[in-house]
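User: I'm new to this structure and would love a close look at one part of it. Could you take me through the nonpolar patch on the surface, and then show me what else is worth seeing around it and along the chain?

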Amino acid sequence: MISKQEQLINRGFLSDKICSKVYNFSFDRKIMLLKSVIASERTLGARLLKENKTIITVNYLIEALKVEKKLYSKIEICNTLILLDKLSVLPLINCLGTIGNNQHRKVPENNFLKDSYPLPRDIASRTLIRIGYNLMPDLLKGIKTADKRVLSELIDTIGHVNFKFKKESVFEALKTCYKNNNTDDLIKWKLIRACSGIEESECFLIKLKVELNNNRLKEEIERSLQLILKRKKK
């Protein structure tokens, strides 16, 4: 019977006590670890690469993230991408919607019932969110993309970052995006949800609620309006 510790190691677990500073490995050696068949070595490789702050490092990490299956190795790759900060932003935006298959492909039937903003399913989006608010200008630059797969996850990222930090208006960009994608229910649903953190969107949402015939989208509008009201009362 496999012990709990062995199960963790098989999933790429590596103790936090194993500090990157004690390893004087070359860049090539770190990349070899990142590509190892042993999950815990891949975790170590990702951890060591945080000392190599270059776009080349970011590209290797993202390629690794695309194929990584083990939980702790995947977490370590994302942690290093976050530590590399601004270098990681555009490469992560460029791979939104391409890693894994957990993203929304259609509007879900059930509402998200919590008051918080739902965490995106896309791993690149979740990683971007953890980098922080300063990436918003780069996110907004990408919102004109014609790639619906990227756009869908980009809206989630913008919505979540704005909901959490709320320092500048993103409403006009989202409103324009809605008008440019008014035949795509999934994109509209995500934009309506993103508006839940934008007080300026209240009149826009009320108008949409009258105009739309889609009951599921109307439910999402109602939820966004309720969250806006709650934020205004604070």
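Analyst: In this predicted model, Ile55, Ile56, Tyr60 and Leu87 together make a nonpolar surface patch of about 320 Å². Helix H4 gives the largest share of the patch, three residues. Isoleucine 56 is a good place to start looking, and you will find this residue in helix H4. With a relative accessible area of 48%, isoleucine 56 is partly exposed, because the partly exposed class lies between 20% and 50%.

Stay with the same helix for a moment. Helix H4 spans residues 55–67, and a charged pair sits there too: lysine 66 and glutamate 63 meet through their side chains in a salt bridge, 3.2 Å from N to O. Why are these two well placed along the helix? They are three residues apart in H4, so about one helical turn separates them. Both ends of the bridge are partly exposed: lysine 66 has 37% relative accessibility, and glutamate 63 has 47%.

That bridge belongs to a wider set, as the count for the model comes to 16 salt bridges. Another one joins lysine 188 to aspartate 185, with the closest N and O atoms 3.6 Å apart. This pair also lies three residues apart, in helix H11 (residues 185–194), so the spacing is again about one helical turn. Here the two partners fall into separate classes: lysine 188 is buried at 7% relative accessible area, whereas aspartate 185 is partly exposed at 35%.

Some bridges reach further along the chain. Glutamate 202 forms a salt bridge with lysine 232, and their closest N and O atoms are 2.9 Å apart. The pair links distant parts of the chain, 30 residues apart, with glutamate 202 in helix H12 (residues 202–211) and lysine 232 in helix H13 (residues 215–233). Glutamate 202 is partly exposed at 23%, and lysine 232 is partly exposed at 43%. Salt bridges can also join up into a group: Glu153, Asp156, Lys190 and Arg193 are linked in a network of them.

Now for a look inside. Threonine 127 belongs to helix H7, which covers residues 123–131. With a relative accessible area of 2%, threonine 127 is buried, because buried means under 20%. A polar atom of the threonine 127 side chain lies 2.7 Å from the backbone oxygen of isoleucine 123. Beyond its neighbours within four places in sequence, threonine 127 is in contact with Cys78, Leu81, Ile82 and Leu92.

One of those contacts, Cys78, leads on to the cysteines. How many disulfides are counted in the model? The count comes to zero. Take cysteine 95, which is in no disulfide: the nearest cysteine sulfur belongs to cysteine 78 and is 9.7 Å away. That rules out a disulfide between them, because the two sulfur atoms would have to be within 2.5 Å. Cysteine 95 is buried, at 4% relative accessibility. Cysteine 203 is also in no disulfide, and the nearest cysteine sulfur, that of cysteine 195, is 12 Å away. Unlike the buried cysteine 95, cysteine 203 counts as exposed, at 64% relative accessibility.

Methods. Residues numbered from 1 in each chain as written. Predicted model: local features only at pLDDT ≥ 70, side-chain atom pairs only at ≥ 80, totals over all residues. Heavy atoms only, no water. Helix = DSSP H or I, 4+ residues; strand = E, 2+ residues; numbered from the N terminus. Buried < 20%, exposed > 50% of the residue type's maximum accessible area, 1.4 Å probe, protein only. Polar contact = N/O pair within 3.5 Å; in protein donor to acceptor, adjacent residues only side chain to side chain. Contact = heavy atoms within 4.5 Å. Salt bridge = Lys/Arg side-chain N within 4 Å of Asp/Glu carboxyl O. Patch = residues over 30% accessible without salt bridge, like charges linked within 9 Å, V, L, I, M, F, W, Y side chains within 5 Å. Areas by Shrake-Rupley, 256 points an atom, 1.4 Å probe, with all protein chains shown as cover.
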